[in-house]
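Could you walk me through this protein model, step by step, in plain language? I'd like to know what to look for as I turn it around on the screen.

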Amino acid sequence: MKIHFAKLAIASVFLSFGSIAAAADPIKIGVDGPFTGGSSSMGVSMRDGVRLAVTEINKAGGVLGRKIELIERDDEAKNERGVQIAQELINKEKVTAVVGYINTGVSLASQRFFQQAKIPVMNNVATGSIVTHQFDKDPDNYVFRNAAPDNIQAPMIVEEAITRRGYKKVAILADSTNYGQLGREDLEKALKARGITPVAEEKFNIKDVDMTAQLLKAKEAGAEVVLTYGIGPELAQIANGMTKLGWKVPMIGSWTLSMANFIDNAGPGGEGARMPQTFIQEASSPKRKAFIDDYLKTFKPKNNRIDSPVSAAQGYDSIYLLAAAIKQANSTDGPKIREALENLNTKVEGVVMTYDKPFSKANHEAISASIPVMGVVQNSRVVREAQSK
């Protein structure tokens, strides 16, 4: 009998230790983005912003008494790689949620697996308008976003070009990806609403280095301004192509004109480029100053300039939004986190903004049209355009 009780006591001890161990298991959050290649300045900046937030949260005790563990994967801006990573994060890593997605195409290809698995996705950079509406017909939508969608950015671009600057003849240059072509469609809608048809619409591919043909068509059509939808390296080739042709008209485009690999590769040709921004590397509040100081101290970017400030800030905020939802749900169960995100009852102080009930059942977009401002490249940095103050 004594032996039997002893066995029970030992078993009880082991069960207690097992329960403690289970309770202390980290909360796994996937981080998916391009950490190599032409989109990497966005991906690495996003990842580093995410890392900063997790470090802060873990230092403060974690969430539900558990640390957050990041499972980082480089999707190389390739749709097929994103699909492979999604399946790995779900089936092997058993993640609670995933943040990231820089490229709209990778997001659209990958997030259906999380939707099926009922695992929340927080898109913190991809801006294609369709991203959060891919599963509108499903009873529940597990895809959220805290980045300015293209149907907000495109009207801002058109407003800047047509209303503020008075241009009537516009050319659109967009890359051939889902991002570029969906963005082009949003630009066309915004222009049509003002009764304007582009005088030229040209397409280019990722890694193209010569935009002469596209630019000549725009020039010959009498374009007074070039509206862009692409990413940094190819946008720099547009600016360099204008310099080569001796034809300089303003570039106004999506937020990616703020990427370091546009600014650095375009050099003087990139000066004056304008774009919507949710976050500019300026210490305009104590919270932003602390974030910028910590980022620069921790990651030491070249010239003390974050490669993609928007990506870093939105990455940082995406973790705090998820952490608030997990805490409110008191669970790492996907449906409960989704429901908490749709009904957040506490404000979340981020660096883009303070999020006050950012989502609802019907609206999974945290960023409204009132948040972005226009930025402009000046002296190799993005600053807030004076007219947006």
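The largest cavity has a volume of about 60 Å³. Keep in mind that you're looking at a predicted model, and that the structure holds one cavity of 30 Å³ or more. How do you find a hollow like that? Rolling a probe the size of a water molecule over the atoms shows where empty space is left. The walls of the largest cavity come from T127, A147, A148, Q153, W255, P276, Q277, T278, V310, Q314 and P372. Strand β10 (274-277) and helix α11 each supply at least two residues of that lining.

W255 is a handy signpost, so let's follow it. Apart from neighbours within four places in sequence, S308 is in contact with W255, and also with S41, M42 and S45. You'll find S308 in the loop between α10 (286-299) and α11 (309-329). Is S308 buried or exposed? With a relative accessible area of 0%, S308 is buried, since the cut-off for that word is under 20%. Now look for V44: it sits 264 residues away from S308 along the chain, yet the C-alpha atoms of the two are separated by 8.5 Å.

Besides the cavity there are pockets to explore. The largest pocket holds about 480 Å³ of space. It is lined by 28 residues, and the closest to its centre are S39, A77, N103, I206 and I231. Helices α4, α6 (178-192) and α8 each put at least two residues into the lining of this pocket. Which of the helices gives the most? That's α4, with three residues.

So let's stay with α4. This helix (residues 104-117) lies across β3 (97-100), β4 and β5, and runs at about 155° to β4. Those strands belong to an open sheet of five, in the order β2-β1-β3-β4-β5, with parallel pairing. At the edges you'll see β2 (68-74) and β5 (143-145), each of which pairs on one side only. On average, neighbouring strands of this sheet are turned by 25° against each other, direction ignored. For a closer look at one pair, try β4 (residues 121-123) and β5, which are joined in the parallel sense by three bridges. V121 has V143 as its bridge partner in β5.

Between α4 and β4 there's a loop, and K118 lies in it. Here's something to notice about backbone angles: most residues other than glycine have a negative phi. K118 isn't a glycine, but its phi is positive, about 60°. K118 counts as partly exposed because its relative accessibility is 46%. Another residue with this feature is K207, a non-glycine with a positive phi near 80°. Look for K207 in the loop between β7 (200-204) and α7 (212-220). With 72% relative accessibility, K207 counts as exposed.

Next stop: strand β8 (residues 225-229). Why can we call it largely enclosed by the rest of the structure? Because five of its five residues are buried. To picture this, remember that in a regular strand the side chains alternate between the two faces of the sheet. In β8, V225, L227 and Y229 point to one side and V226 and T228 to the other, and they are all buried, so both faces are covered.

β8 also has strands paired with it. Strand β6 (residues 170-175) runs parallel to β8, and five bridges join the two. I172 has L227 of β8 as its bridge partner. Strand β9 (residues 251-253) is parallel to β8 as well, with three bridges between them. In that pairing, V226 stands opposite M251. Now trace the chain from β8 through helix α8 (residues 232-245) to β9: together they make a right-handed β-α-β unit. You've met α8 before, as one of the helices that help to line the largest pocket.

Let's finish with a hairpin. Strands β13 (residues 373-378) and β14 (residues 381-384) pair in the antiparallel sense over four bridges. Q378 is matched with R381 in β14. Two residues lie between the strands of this hairpin, and N379 takes a positive phi near 50°.

Definitions and conventions: Residues are numbered from 1 along each chain as its sequence is written. This is a predicted model: local features need pLDDT of at least 70, side-chain atom pairs count only at pLDDT 80 or more; totals for chains, interfaces and linings use all residues. Side-chain values use heavy atoms; hydrogens and water are left out. Buried means under 20% relative accessible area, exposed over 50%, partly exposed in between (1.4 Å probe, protein chains only). Two strands pair if DSSP finds at least two bridges between them. A crossover is right-handed if, with the strands pointing away from the viewer, the path from the first strand over the helix to the second runs clockwise. Axes are lines fitted to C-alpha atoms, for helices over the stretch in contact, and angles run from 0 to 180 degrees between N-to-C directions. Contact means heavy atoms within 4.5 Å. On a 1 Å grid over the protein atoms alone, a cavity is a set of points where a 1.4 Å probe fits but cannot get out, and a pocket is an open set with protein on both sides within 12 Å along at least five of seven lines; lining residues have an atom within 4 Å of a point. Grid points are joined across faces, edges and corners, and a volume is the space filled by probe spheres set on the points.
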